[in-house]
Amino acid sequence: MGLKAVTSGIVVANDSTKPRSKTEKTGSKPPPPAANTLPDVDVFQSRSVPNIFAQVPVGDLYRKTNDAALLRFLDEAIAYAHLAPLSSLDDAKLAIYTKSLPKVELHQHLDGSIDPETLIEFARQRGIDLPADTIETLSRPAQKANGRSTLKDFFERFRSAQVVWKDRDAIKTLTVHVIEKAAHDNVKHLELQFSPVGMAECHGLDLEDVVKGVIDGVAAATEQFAIGVRLIVTISRRRSVALGWEVEKLAAKYKDRGVVALGLASDEKAYPADEFAPMFQAAEKDGLGRAPHSGEDGPATNVATAIKKLKANRIGHGIRVIFDPEGLELVRTEDIPLEICPSSNILTGAAESWAKHPFRVLLDAGVRVTINTDDPGLFGVTLSDEMALAAKHFDLSCKELRTIISNSVDAAFLEGRDKQKLRLQVLTGISEANRALVDNLTLRELLLLAVGGMRREGMPMDQQRKFVEDFMSYLEAAAEGNAAAKEDAATLLA
Ligand code: ADE
Ligand code: ZN
């Protein structure tokens, strides 16, 4: 089937073959800019995609034509589009795209995953007493009115949220809820961390019961939803070394029940990691991964300390490593993944602004960066949201998002066949999502992205211009041919 057959079957509304309006003919009033006009910049020279093609999704053109020249143009444009910053895409399409990507979450606190509304409703249903100041703290926006928040402010909110862990059954139910949400967000593998000490405190629970409640929840959720889950048992820096040891022992005890690593969270500025180093060294001997928070808002050198003394094989956040050349060299040479949580960093003030966030610099420096949510309930984000925000603010392309998700697969605490299966599932899903993204673009959107990709690749301007010119000339000729074909048909039928 040729191109004419394609377009004549698809185009209806604003067909360029229709006679021009009077105002256009007299030129008394300039027509409003057509939605398919390309920007008035040098490479586009204000050209327009002929109306006949304007609303046809690229996927329809691609599938229905056997015109070799059109396929060549489309293939080249699609290849460059995958290299383009996705910031030129409209928000709705970007959101659909990031949701469609199969994702891997490496840094999510179960104890920060329940959104305030759910939390308050759950407490009401279960007869959990919520003092007015707890409700007030929880209901506060994630960011202060003046835009300046600190991690200390956030920890206050985080601690208020711990009131819901009433008993083992509450823990199980809410764990299922959190995993269900991740599965609906198209997360294929989730490493959920939690602090048994923090969760046990409010209602005086037994630490081991907390771990069992979470494990119950994981078992129930993974029966129902298409998602793999592993657990990171986390030590709180605010607590004693003795409690730290208890947590490490529990992590080791439940290693065969889905626990894969030991974490370290809470206030990095106030409580240095050093005294917890022996627990992490024990975790290594016990065959557990080590994923402490480090370099989030504390000294930049904390990242190197975590790698050297805590034997960290992944770093929670780690963004401040950008200010420590030795630490930066270490994460690169030792290939230590950073679990970066962009919205969290902005909302807690760990990064001053999106513009000053070091994600792009770290990515370009070859650091194995990953994107995560940290506390999705309290920050009001999903992993898809995080990917879209990161794409927008850090100018990420489809190819870079693929690298970032693939980094998460590599960094996941999974081994052998489990890891291979996840890699295959994720990479296949990303290819499908990329295909669907392009399929639903208009030609104008595809061209904008393609030129963005050409720029990113450093293609000289005259070559970019030539590609656009040739493609547009081809489309104009095809549109005219289509009009002629219609007229022929009309003559024949007369
Ligand atoms: N616990 C929950 N979120 C945290 C964060 N962003 N930093 C340290 N500890 C945390
Ligand atoms: Zn965290």
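**Exercise 1. Is G327 buried or exposed, judged by the other C-beta atoms within 10 Å?**

*Solution.* The model is predicted: local features need pLDDT of at least 70, side-chain atom pairs count only at pLDDT 80 or more, and totals for chains, interfaces and linings use all residues. Residues are numbered from 1 along each chain as its sequence is written, while chains are lettered from A and ligands numbered from 1 in the order in which they are written.

Step 1. Recall the rule: a residue is buried if 20 or more other C-beta atoms lie within 10 Å of its own, exposed if 12 or fewer, and partly exposed in between, with C-beta atoms placed from the backbone.

Step 2. Apply the rule: G327 has 27 other C-beta atoms within 10 Å and is therefore buried.

Step 3. Locate the residue: G327 belongs to helix α16. Helices (H or I, at least four residues) and strands (E, at least two) are DSSP runs, numbered from the N terminus.

Step 4. List its contacts, where two residues are in contact if their C-beta atoms, placed from the backbone, lie within 7 Å. Beyond residues up to four places away in sequence, G327 touches A300, T301, V303, A304 and V321. Its C-alpha atom is 8.4 Å from that of T305, a residue 22 places apart from G327 along the chain.

**Exercise 2. Describe the protein chain as a whole.**

*Solution.* Step 1. Count the elements: the chain contains 24 helices and 8 strands.

Step 2. State the extent: the C-alpha trace spans about 90 × 50 × 50 Å along its principal axes.

Step 3. State the burial: 47% of the 494 residues count as buried.

Step 4. Consider the contacts with a separation of 6 or more: 76% of them are between residues 24 or more positions apart.

**Exercise 3. Determine which residues of helix α12 are buried, and how they are arranged.**

*Solution.* Step 1. Examine the length. Helix α12 covers residues 207-224, which is 18 residues, and reaches 27 Å from its first C-alpha to its last, close to the 26 Å expected at 1.5 Å a residue. The expected span is 1.5 Å times one less than the number of residues.

Step 2. Name the buried residues: V210, V211, G213, V214, G217, V218 and A221.

Step 3. Explain the arrangement. The buried residues line one face of α12, because they fall within an arc of 160° when seen down the helix axis. The arc is that of the directions from the helix axis to the C-beta atoms. An α-helix has 3.6 residues a turn, so residues three or four places apart point the same way.

Step 4. Identify the cover: the elements over these buried residues include α10 (168-184), β2 (187-194), α11 (196-201), β3 (228-236) and α13 (241-253).

**Exercise 4. Compare the helices α22 and α23 with their expected spans.**

*Solution.* Step 1. Helix α22 (residues 416-439) has 24 residues and reaches 35 Å, close to the expected 34 Å. In α22, V426, A433, N434, L437 and V438 are buried.

Step 2. Helix α23 (residues 443-456) has 14 residues, which should span 20 Å; its end C-alpha atoms are 20 Å apart, which agrees.

Step 3. Because 11 of its 14 residues are buried, α23 is largely enclosed by the rest of the structure. Among these buried residues are R444, E445 and M454.

Step 4. Just after α23, G458 takes a positive phi of about 75°.

**Exercise 5. How many bridges join β3 to β4, and how do these strands run?**

*Solution.* Step 1. Strands pair if DSSP finds at least two bridges between them. Strands β3 and β4 are joined by 6 bridges and run parallel.

Step 2. As one of the partners, G263 in β4 is bridged to T234.

Step 3. Strand β4 (residues 259-265) is mostly covered, with 7 of its 7 residues buried.

**Exercise 6. Classify R290 and K311 by their C-beta neighbours.**

*Solution.* Step 1. R290, in strand β5 (residues 289-294), counts as buried because it has 23 C-beta neighbours inside 10 Å.

Step 2. K311 has 18 such neighbours and so counts as partly exposed. K311 lies in the loop between α15 (302-308) and β6 (315-317), and its phi is near 55°, a positive value in a residue other than glycine.

Step 3. Leaving aside neighbours within four places in sequence, the contacts of R290 include A261, L262 and K311.
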